[in-house]
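User: Can you walk me through the pockets and the aromatic packing in this one? I'd like short answers with the reasoning shown.
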Amino acid sequence: MLRFILHALIVIILTLLTQIGGIAYLLALAAARAFGTRRFPARLALFLLLYAGATLAANFTAPVFGRVPLSCFANPADRLVVRSPIYCALNRNYVTPAVRDLAQALAAHMDQAFPGTITVALDANFPFIRGFPLLPHLSHADGKKLDFAFYYKDANGNFLNGATRSPIGYFAFEQPALGDELPCAGRHDWLTTRWDFDALQPLFPAYRLEEQRTAAAIAWLTSEGVTRFNLQKIFIEPHLKNDLGITDAHVRFQGCRAARHDDHIHIQVE
């Protein structure tokens, strides 16, 4: 009974983390039993082989479900890159063709406006099933959402091309200054993903927001992104919206139960 519960927990965790990992794990268990494999290293290797095969297969089958992968294998000429191979390893790099085209067009615009600039994509969506949650996000469930990293500069004001403060692009927050708009001040919601991660903040490098490029990217999204790609919403924190001088109504606050958005830009299309 305990073994069954353990296997069930592993399937649930792998499914929540990768969508297809639970199925790969069940197939690995069945294959190990069929081959009489009992040693843990052999079983682990079998699972990794099946998971890698399933992940590769998802690249070719996801378009049937209306989603395409953003590549994690960038070459030096690419101006749109996914922050880390971990996003592809966990199958979190899938979007609709319209969102892919928007992301590529944004990267091309930023390269034209600021030659050589790399635009960094973060979490997207899983490859299959509308409504399947991409935790800890509340809305990345239909292929129509994508996060972009901010553009950064160092303490001397030098642009850091393709760099992010956090290794995965998240949780290194641009802290509000005294007097900034704080829509969630005084709230103590227990069911929320608005985590501050205060203990992590000193661990990140002292990069600063590169305001010119970040504002230019949002300006393009609220103009060309809206008219050409039916962009519906952009989420960033109100204090950053004010600091960047953004007034467009497509740029909104995501709510106090959702994750903080002063570490990345969230976009979604209709």
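Analyst: Sure. A pocket here is an open set of grid points with protein on both sides within 12 Å along at least five of seven lines. Keep in mind that this is a predicted model.

User: OK, how much space lies in the largest pocket?
Analyst: The volume is the space filled by probe spheres set on the grid points. For the largest pocket, that comes to about 570 Å³.

User: Which residues are the closest to the centre of the largest pocket?
Analyst: The lining has 18 residues in total. Those closest to the centre are His7, Tyr25, Leu29, Ala32 and Arg43.

User: And which helix gives the largest share of that lining?
Analyst: Three helices, α1 (2-18), α2 (21-35) and α3 (40-61), each supply at least two residues of the lining of the largest pocket. By class, that lining has 11 nonpolar, three polar and four charged residues. The largest share is six residues, and it comes from α2.

User: How many charged residues line the second largest pocket?
Analyst: The second largest pocket holds about 350 Å³ of space. Of the 18 residues that line it, Cys184, Ala185, Arg194, Asp196 and Arg260 are the closest to its centre. Its lining has six nonpolar and four polar residues, and the charged ones number eight.

User: Arg260 caught my eye. Which ring does Arg260 lie over?
Analyst: A charge sits over a ring if CZ of Arg is within 6 Å of the ring centre and within 35 degrees of the ring normal. Arg260 lies 4.1 Å from the ring centre, over the face of Phe173.

User: What about closed space: which residues line the largest cavity?
Analyst: A search of the whole structure finds one cavity of 30 Å³ or more, and the largest cavity has a volume of about 30 Å³. By class its lining has eight nonpolar, one polar and no charged residues. The lining residues are Ile118, Val120, Phe150, Tyr151, Tyr152, Phe159, Leu160, Gly162 and Ala163.

User: Phe159 is in that list. Which residue lies over the face of Phe159, and how far is it from the ring centre?
Analyst: The face of Phe159 has Arg213 over it, and the distance to the ring centre is 3.7 Å.

User: On to ring pairs. Are Trp195 and Phe197 stacked or edge-to-face?
Analyst: Rings pair if their centres lie within 6.5 Å, and planes over 60 degrees apart count as edge-to-face. There are nine aromatic pairs by this rule. The ring centres of Trp195 and Phe197 are 6.0 Å apart and their planes are at 80 degrees, so this pair is edge-to-face.

User: Are those two buried, partly exposed or exposed?
Analyst: Ring pairs link Trp195 and Phe197 with Tyr170 and Phe171 into a cluster. Buried means under 20% relative accessible area and exposed means over 50%. Trp195 has 37% relative accessibility and Phe197 has 29%, so Trp195 counts as partly exposed and Phe197 counts as partly exposed.

User: Trp220 and Phe229 also pair up. Is Trp220 buried or exposed?
Analyst: Trp220 lies in helix α6 (residues 211-229). The pair with Phe229 is tilted, at 6.1 Å centre to centre and 40 degrees between the planes. Phe229 has 13% relative accessibility and counts as buried. With a relative accessible area of 6%, Trp220 is buried.

User: Last one: how far apart in space are Trp220 and Met110?
Analyst: Beyond its neighbours within four places in sequence, Trp220 is in contact with several residues, including Leu102, Ala105, Leu106 and His109. Trp220 and Met110 are 110 residues apart in sequence, and their C-alpha to C-alpha distance is 8.9 Å.

Definitions and conventions. Residues are numbered from 1 along each chain as its sequence is written. This is a predicted model: local features need pLDDT of at least 70, side-chain atom pairs count only at pLDDT 80 or more; totals for chains, interfaces and linings use all residues. Side-chain values use heavy atoms; hydrogens and water are left out. On a 1 Å grid over the protein atoms alone, a cavity is a set of points where a 1.4 Å probe fits but cannot get out, and a pocket is an open set with protein on both sides within 12 Å along at least five of seven lines; lining residues have an atom within 4 Å of a point. Helices (H or I, at least four residues) and strands (E, at least two) are DSSP runs, numbered from the N terminus. Ala, Val, Leu, Ile, Met, Phe, Trp, Tyr, Cys and Pro count as nonpolar, Asp, Glu, Lys and Arg as charged, and the others, Gly among them, as polar. Rings of Phe, Tyr and Trp (its six-membered ring) pair if their centres lie within 6.5 Å; planes under 30 degrees apart count as stacked, over 60 as edge-to-face and the rest as tilted. Buried means under 20% relative accessible area, exposed over 50%, partly exposed in between (1.4 Å probe, protein chains only). Contact means heavy atoms within 4.5 Å.
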